[in-house]
Amino acid sequence: MAASLSLHASSIIGLQNNSFGTPSDLLSFSSHFQSSSLKFADMKGQLYSTKVSFVARAESSSVGFDIDTSLSPRVNSVKPSKTVAITDQATALAQAGVPVIRLAAGEPDFDTPAVIAEEGIKAIREGFTRYTPNAGTLELRSAICHKLKEENGISYTPDQVLVSNGAKQSIIQAVLAVCSPGDEVLIPAPFWVSYPEMARLADATPVILPTSISENFLLDPKLLASQITEKSRLLILCSPSNPTGSVYPKKLLEEIAEIVAKHPRLLVLSDEIYEHIIYSPATHTSFASLPDMWDRTLTVNGFSKAFAMTGWRLGYIAGPKHFVAACGKIQSQSTSGASSISQKAGVAALGMGYAGGDAVSTMVKAFRERRDYLVKSFGEIEGAKISEPQGAFYLFIDFSTFYGAEAKDFGPIDGSESLCRYLLDKAQVALVPGEAFGDDTCIRISYAESLSALQAAAERIKAALVALRPAVCV
Ligand SMILES: Cc1ncc(COP(=O)(O)O)c(C=O)c1O
């Protein structure tokens, strides 16, 4: 593309200087450059400016080469994110003036607490704006070690911690670091959309372990035991869970640990990013704190959810040095260390007190109030099935009772995707189809929105569902 662009630039200079031939001598470019103003320098450094028109004709360019547009099998095996697709659709509607209530995104509606933001601002003012060590500042890694010891009962030294640009990066690096081609990654469903795709990116095979709403979407240890093979390399656990809000009780984790312990090749990635967003009496247990699990567990956490810091891009992994160093090697050849400014803010976040102190507990209180409202409100819908979430800020609700309906001016509702499209169309509420999370019976509602917006959304959803099946009392 760079070579093409310079060719094109010289064509324009030629045109401007009247020294060039016919328009067919022009190389063509992609359509979004159809008409634009360009500035560029000639050999003597003189600046030319001109308004030019381009024609999109890349494949049949007159310079006589065809571009191979094929993509790697690796990227072809990855599915595009449905959450992104529906969010984009909702955003387009909102931009067109449609009053869409957006309950699809997975990010808190709160601002980053001021004490954290101020530390970031201070870092900029004080010139703390250079590269940090690849693994993160010692200050932040020490604070993370302190947090993991005090809150989670797990001991790490700073060289067993790698700070990344978000937990998402921590997870993909871990999967890439430990999985060989053909290895199996065990993933309980419903799952966070990225886990299976990350396994595919590592040339590993995702093995989905279904759970049921009647069991609060918790993994049955017997099912796990039956699915482990010599190829099983990684079990990914997420508690509190996105998308279900389920929290694994300690006893169940102990049963899982007993099974895992029998398989020397099997590691566990414990995604604990929603750890602080938990509703008592539920409590959080870190998998690495269980007997004999430290050596084989990679603990992932981050700042996005609990501290409302999604845009700061800060997460981390902690585990045995051997694995963490391998993750660090990947990071050193891709992004390098996380933002220096965000790392200063991260230290401030961890300094706010146990489990994030008052600022976090105020947010959690609001999430709980919203959860209670939604569970009660949707609980009134006949045929809908709900497992009350114990953490995170999602409700994963089974509306499959409405599948098979024929919606007026819309068509058949035959699964979670058409139901979500219908609700976006008729109720103007954006939700995510459960199919994206490996369970087509449900849809995910994010309650990271104000109570008043949720109340309006619930009313609209109910009205749209009534229209689907008038005989049913909703
Ligand atoms: C379960 C889970 N893990 C990890 C992440 C990634 O978080 P981040 O990269 O923002 O730290 C998310 C974000 O949606 C998530 O829901």
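**View 1. Helix H6 spans residues 167-178 of this predicted model.** Helix H6 has twelve residues. From its first C-alpha to its last, H6 reaches 17 Å, close to the 16 Å expected at 1.5 Å a residue. Is H6 enclosed or open to the outside? Ten of its twelve residues are buried, so H6 is largely enclosed by the rest of the structure. The buried residues include Ala167, Gln169, Ser170, Ile171 and Ile172. Also buried in H6 are Gln173, Ala174, Val175, Ala177 and Val178.

**View 2. The ligand sits among 13 residues.** Which residues come nearest to the ligand? They are Gly166, Ala167, Lys168, Gly302 and Ser304. Ala167 belongs to the buried residues of H6 as well. By class, the shell around the ligand has seven polar residues, four nonpolar ones and two charged ones.

**View 3. Seven strands build an open sheet with mixed pairing.** Read across the sheet, the order is E4-E10-E9-E8-E7-E5-E6. Strand E4 (161-164) and strand E6 (205-210) stand at the edges. Each has a single partner strand, so one side of each is left without a neighbour in the sheet. From one strand to the next, the twist averages 20°. Strands of a sheet pair through backbone hydrogen bonds, either parallel or antiparallel. How do strands E7 and E8 run, parallel or antiparallel? Strand E7 (residues 232-238) and strand E8 (residues 267-271) run parallel, and five bridges join them. To find one bridge, start at Leu234: its partner in E8 is Leu267.

**View 4. Three strands form an open, antiparallel sheet.** The order here is E11-E16-E15. The edge strands are E11 (394-398) and E15 (432-433), and each pairs on one side only. How many bridges join E11 to strand E16? Five bridges link E11 to E16 (residues 442-446), and the two strands run antiparallel. One residue to look for is Leu395, whose bridge partner in E16 is Ile445. Although E11 is an edge strand, four of its five residues are buried, so E11 is largely enclosed by the rest of the structure. In a regular strand the side chains alternate between the two faces of the sheet.

**View 5. Helix H13 packs against helices and strands.** Helix H13 covers residues 416-427. Its buried residues are Ser416, Leu419, Cys420, Tyr422, Leu423, Leu424 and Ala427. What do these buried residues pack against? Their helix partners are H3 (82-95) and H14 (451-468). Their strand partners are E12 (406-407), E14 (429-430), E15 and E16. E15 and E16 also belong to the three-stranded sheet of View 4. Just after H13 comes Gln428, whose phi is positive, near 55°.

**View 6. Lys462 lies in helix H14.** Is Lys462 buried or partly exposed? A residue needs 20 or more other C-beta atoms within 10 Å to count as buried. Lys462 has 17 within 10 Å, so Lys462 is partly exposed. Leu423, by contrast, is one of the buried residues of H13. Lys462 and Leu423 are 39 residues apart in sequence. In space, the two are 9.7 Å apart, C-alpha to C-alpha.

**View 7. The whole protein has 474 residues.** Its secondary structure comes to 14 helices and 16 strands. Of its residues, 43% count as buried. Now take the contacts between residues at least 6 apart in sequence. Of these contacts, 71% join residues at least 24 apart.

Note on methods
Residues are numbered from 1 along each chain as its sequence is written. This is a predicted model: local features need pLDDT of at least 70, side-chain atom pairs count only at pLDDT 80 or more; totals for chains, interfaces and linings use all residues. The expected span of a helix is 1.5 Å times one less than its number of residues. Two strands pair if DSSP finds at least two bridges between them. Axes are lines fitted to C-alpha atoms, for helices over the stretch in contact, and angles run from 0 to 180 degrees between N-to-C directions. Two residues are in contact if their C-beta atoms, placed from the backbone, lie within 7 Å. A residue is near a molecule or strand if its C-beta atom, placed from the backbone, lies within 6 Å of it. Ala, Val, Leu, Ile, Met, Phe, Trp, Tyr, Cys and Pro count as nonpolar, Asp, Glu, Lys and Arg as charged, and the others, Gly among them, as polar.
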